[in-house]
Each structure stands twice: as structure tokens, then as C-alpha cells.
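I opened this notebook to record what I looked up in one structure. The entries follow the order in which I consulted it.

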Amino acid sequence: MKLFGTDGIRGAVNTHPMTPETVVRVGMAIGQILHRNNGKNMILIGKDTRLSGYTIESALTSGICAMGMNVTLVGPLPTPGVAYLTKSLRFDAGIVISASHNPFEDNGIKIFDRDGFKLSDTIEQTIESLVINTKNGLTLPHAGKIGKAYRLEDATARYIEYVKSTISRDVDFEGLKVVVDSANGAAYKVTPLLLAELGAEVISLNDDPDGKNINDHCGSLYLENLSKAVISHRAHVGIAHDGDADRTLMCDEFGNTIDGDLIMAIWAKELQAQGKLRNSTVVSTVMSNLGLEHYLNREGITLLRTKVGDRYVVEKMLEGNFNFGGEQSGHIISLAHSTTGDGPITAIQILDIAWKSKKPLSELVSEVTLYPQVLKNVRVARMQDFRSFPEIVSAIAVAESELNGTGRILVRPSGTEPKIRIMVEGQNKALVDDIAERVSGMVERLMA
């Protein structure tokens with residue numbers, strides 16, 4: 001059975017593959033593959049705030065140490081913080097225990113290599129083979145060669161200092177009022193403290209994790225409360241993360257949503273103006289709005305698209321020697337600063353652009369016109385190819401004919417959940433709404 005999806009291993013806790021038994025074998029496989037005869041033989045492990053984080057952390061630690069490697073635990077820390085510390089402290093790998101934006105009942109495992117990038121498909125397949133093949137493949141060392149577990153107490157402070165270092169020391173956000181929604185997740189300390197240290201007045205929401213309230217009607221998937229808080233507090237901006245803070249979405253001073261496409265538009269224009277946008281190119285996914293592409297083209301910037309998943313964006317960036325990209329969902333990657341989506345860095349870079357231009361977010365995005373876009377997520381009984389249903393294929397073909405080049409329809413399976421995701425966008429909102437309802441209704445009727 002396949003372990004890895006588009007963003008590591010993920011699933012409901014205590015069901016395959018997120019059982020303690022399987023996670024121990026995942027740890028053993030990682031330990032065997034990465035063990036070297038010389039060097040630190042040390043793996044960094046961080047997590048978000050889920051109740052199951054304790055179980056998964058213990059199981060991984062047990063498996064890795066059993067194979068002779070050592071472990072350093074940092075506790076709750078954003079995913080990009082783990083990637084950064086893995087590289088800067090010269091660990092052999094970094095692991096994040098998180099199911100990102102999923103509810104607390106789920107959990108997952110993301111693995112970064114020593115340079116802070118997510119593992120290649122080849123290494124993931126090797127780990128998967130060792131985990132699934134229980135008859136052979138894992139060789140336990142002598143008792144005197146097993147590893148130890150350590151704890152790094154100042155990981156949060158180290159990461160905050162690094163994030164601050166990505167903007168000029170002259171920048172002071174004094175007078176800026178910011179609402180932060182940390183989703184009761186891994187950034188519940190980081191982002192409020194980071195912005196306060198930079199001089200901002202911070203109203204902090206959902207910063208009291210109890211193990212079960214992560215992503216619970218809060219954070220980047222639920223911007224309604226952030227929008228209301230920005231308006232009621234008369235704040236200048238709102239910032240929301242997902243559970244592991246590799247995403248950031250924002251609200252302007254009127255409570256309007258600033259999604260990942262608009263964030264990329266602001267940041268890419270600034271990089272282009274500074275001559276720092278390598279090859280005048282932004283890498284995004286098939287989900288990014290046509291309006292973003294048209295705006296970037298007017299600015300002399302090319303938009304390249306990949307399939308959905310920030311790892312594919314990063315792969316394309318490395319392949320083409322590009323340095324900036326991201327996803328509409330809020331994974332924004334600037335290789336000058338990080339190796340993966342970094343929510344806190346994204347937030348302060350956008351605030352820095354606004355601070356230097358002396359313009360509110362509403363004005364910074366006023367030149368970008370996004371087309372009406374509707375997203376539908378249909379939970380299905382089991383993952384199967386929707387193209388095996390002729391009625392769904394026919395409905396998509398009819399929709400494409402109706403859009404007639406003025407929009408797009410994209411139907412795809414989720415890489416992390418048993419869902420079919422349907423995206424429709426175009427210049428005619430009524431037609432977009434109608435197509436989204438028809439196609440999602442058919443998928444639900446045939447596959448749910």
C-alpha cells in the first residue's frame with residue numbers, strides 16, 4: 001500500500017499508515033537509509049500542536065534511534081523553521097510531524113533532506129519499500145550502536161531571529177496594528193512574538209492550542225473571523241496561517257482576502273523592480289488564477305504552472321534556475337530566504353513592501369484583477385480515477401465548450417485526502433457558478 005502522497009505521509013491517527021507500528025518502521029527505514037559511518041548521524045524532529053504529536057514523535061524517535069542514528073527534538077515549530085534549522089545546524093535530515101491544514105484527528109510526516117528540501121521521489125520510494133517489506137530490508141545494529149535523543153530548547157528563538165534577519169534592520173513596524181490568526185498551530189508563539197519584536201501592535205487570535213483545536217474553524221481555511229477582527233479592531237492588516245505555518249493568507253484594512261495569488265503578485269512585482277526576480281519568472285500551479293497570469297505578463301513576468309503541491313513548485317524552480325514561486329493556497333517560496341513555503345517570512349516580506357511603499361494592502365493589489373473562481377471539494381467513498389466515469393468526463397467536456405476559452409475547469413483528486421477537487425474560473429461568474437454546481441453534484445452522486 002502506498003505511503004507517500006504529494007506532501008509526505010498523512011492520514012487519520014491510529015489507522016494505516018499513521019499507526020504507531022508503521023511509524024516505528026518509517027523511523028527505522030529513515031535511520032537505515034541516512035545512517036553514515038562518520039558524521040553527526042542526527043535528525044531534527046519538530047511538530048505542530050496535535051494531541052497525537054506525542055505518540056508519533058515517540059514512535060519515530062524509537063525507530064530512528066534503534067537504527068543507530070540520534071534525534072534532536074524541538075517540539076512545536078513551524079515547518080519552515082524545521083527546514084531552516086536542519087540546514088543551518090547541519091543535521092542529516094529534518095522531520096515535521098504535521099497534517100498541515102487537516103483537522104486534529106489526522107497527522108502526518110514530512111521529511112526534509114540536509115539542505116532543507118523535501119525528499120526526492122526516489123528516496124521516498126526506498127523508504128516505502130523498507131516499511132512495507134516486513135520480511136527483510138532492515139538490519140538492526142548491535143545494542144552498543146543504538147542512538148540517543150536530545151532536546152533543543154531555543155529552536156523558536158533561533159527561527160524568529162532568522163525570520164527578522166530577512167528584512168532590513170531599519171524597518172520598524174511601530175504604529176502598525178496587525179491581527180494574527182495562528183490556527184492554534186505551530187506558529188502560535190512565533191508570529192505574534194515576531195511582529196511584536198518588530199514594533200507592531202498585535203491582536204493575537206487562536207493562540208491557545210489544546211491538542212484538539214488546531215485548524216478548528218480558524219486559520220487560513222477560515223478567514224471570516226480574521227476579516228471581522230481586522231474591521232472591529234480597525235487594524236491595518238490581518239495574517240492567517242495553517243496548522244504548520246507553511247502557508248500565509250492575509251486580509252487588507254477593509255477585511256478583504258489577500259490570497260496566495262495576490263501575495264505573489266505583490267512580491268513578484270517588487271522583486272522585478274529590484275532586478276531580483278531571476279529570469280523574470282514566477283512558478284505556480286494549475287490552480288493559480290488566470291488574472292494573476294495576465295497581470296504578471298503586463299509586468300513583463302512569465303508564469304509557469306506545475307501540478308498542485310509546493311514540492312512540484314520547488315522542483316520546477318530548481319530545474320529552471322528560478323527563485324520565486326508559490327501556490328494560491330498561501331505556500332509562498334522565495335529561495336533567497338527559505339527552501340519551502342514559509343508563512344512568517346511571507347508575512348513580514350509583504351508588510352515590509354507595504355511599509356517601504358507607504359501604501360495599504362488594498363492599494364498594492366488594486367492593479368490585479370482576479371477572475372471569478374469557484375472551488376468545490378467532494379469527499380468520495382474511496383479514491384478512484386474520476387475519468388472512469390463517462391458521465392463526469394462528458395460533463396467536463398460540455399463545461400469546457402461553454403467556457404469557450406474565457407475560463408478553465410480543473411478536476412483532480414486530492415493528494416492528501418479522499419476528495420475530488422473541482423476548480424472553475426472564468427469571466428462570467430454566473431456561468432462559473434452553474435458549471436461548478438453541475439460538475440460537483442455529478443461527482444458527489446457517482447463517487448461519494
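**Entry 1. The three-stranded sheet**

I began with the open sheet of 3 strands, whose order is S17-S19-S18 and whose pairing is antiparallel. The model is a predicted one, and I read every value below in that light. Which strands stand at the edges? I found strand S17 (373-379) and strand S18 (407-413) there, each with a single partner strand, so one side of each has no neighbour in the sheet. From one strand to the next, I noted an average twist of 10°.

I then looked at how S17 is joined to strand S19 (residues 419-426): the two run antiparallel and share 7 bridges. I noted one residue pair in particular, Gln373 with its bridge partner Glu425 in S19. I also looked for a helix on this sheet and recorded helix H14 (residues 429-447), which lies across S17, S18 and S19 and runs at about 165° to S19.

**Entry 2. Glu425**

I followed Glu425 further, as a residue of strand S19. Is Glu425 buried or exposed? Its relative accessibility is 0%, and because the cut-off for buried is under 20%, I entered Glu425 as buried.

I next asked which polar partners the side chain of Glu425 has. The side chain of Gln373 makes a polar contact of 2.8 Å with that of Glu425, so I had two relations on record for this pair, the other being the bridge between S17 and S19. A polar atom of the Glu425 side chain also lies 3.3 Å from the backbone nitrogen of Leu290. Beyond the neighbours within four places in sequence, I listed the contacts of Glu425 as Ser288, Asn289, Leu290, Pro372, Gln373, Leu403, Gly407, Arg408 and Val432.

**Entry 3. The five-stranded sheet**

I turned to an open sheet of 5 strands, with the order S9-S8-S10-S11-S12 and mixed pairing. Its edge strands are strand S9 (201-205) and strand S12 (257-258), each of which pairs on one side only. I checked strand S8 (residues 177-181) against S9 and found a parallel pairing over 5 bridges. Within it, I saw Val180 opposite Ser204 of S9.

I recorded two helices on this sheet. Helix H7 (residues 224-232) lies across S8, S9, strand S10 (237-241) and strand S11 (248-251), at about 155° to S10. H11 packs on the sheet as well, touching S10 and S11, and its direction makes about 35° with that of S11.

**Entry 4. Helix H8 and its partners**

I looked up two helix pairs that involve H8. The axes of helix H8 (residues 260-273) and helix H11 (residues 343-357) come within 10 Å and cross at roughly 60°. I therefore classed H8 and H11 as oblique to each other. H8 passes H11 in a left-handed crossing. The residues I found in contact are Ile263, Ile266, Trp267 and Glu270 on H8, with Ile345, Thr346, Gln349, Ile350, Ile353 and Lys356 on H11.

How do the axes of H8 and helix H9 (residues 290-298) cross? They come within 10 Å and cross at roughly 10°, and I therefore entered H8 and H9 as roughly parallel. On the H8 side I listed Asp261, Met264, Ala265, Ala268 and Lys269; they meet Leu292, Tyr295 and Leu296 of H9.

**Entry 5. Backbone geometry in loops**

I then searched the loops for backbone exceptions, since most residues other than glycine have a negative phi and most peptide bonds are trans. Asn215, not a glycine, has a positive phi of about 60°. I located Asn215 in the loop between S9 and H7, where it counts as buried at 9% relative accessibility. Lys358, likewise not a glycine, also has a positive phi of about 60°. I placed Lys358 in the loop between H11 and helix H12 (361-364) and entered it as exposed, with a relative accessible area of 74%.

I also noted a cis peptide bond between His16 and Pro17, with omega of about 5°. Pro17 belongs to the loop between strand S2 (8-12) and H1.

**Entry 6. Asn41**

Last, I looked up Asn41, in the loop between helix H1 (20-34) and strand S3 (42-47). Asn41 is buried, with a relative accessible area of 7%. Setting aside residues up to four places away in sequence, I found that Asn41 touches Leu34, His35, Arg36, Met69, Asn70 and Asp92.

Note on methods
Residues numbered from 1 in each chain as written. Predicted model: local features only at pLDDT ≥ 70, side-chain atom pairs only at ≥ 80, totals over all residues. Heavy atoms only, no water. Helix = DSSP H or I, 4+ residues; strand = E, 2+ residues; numbered from the N terminus. Buried < 20%, exposed > 50% of the residue type's maximum accessible area, 1.4 Å probe, protein only. Contact = heavy atoms within 4.5 Å. Axes fitted to C-alpha atoms, helices over the stretch in contact; angles between N-to-C directions. Polar contact = N/O pair within 3.5 Å; in protein donor to acceptor, adjacent residues only side chain to side chain. Parallel < 35°, antiparallel > 145°, perpendicular 65-115°, else oblique. Left-handed = near helix turned anticlockwise from the far one by under 90°.
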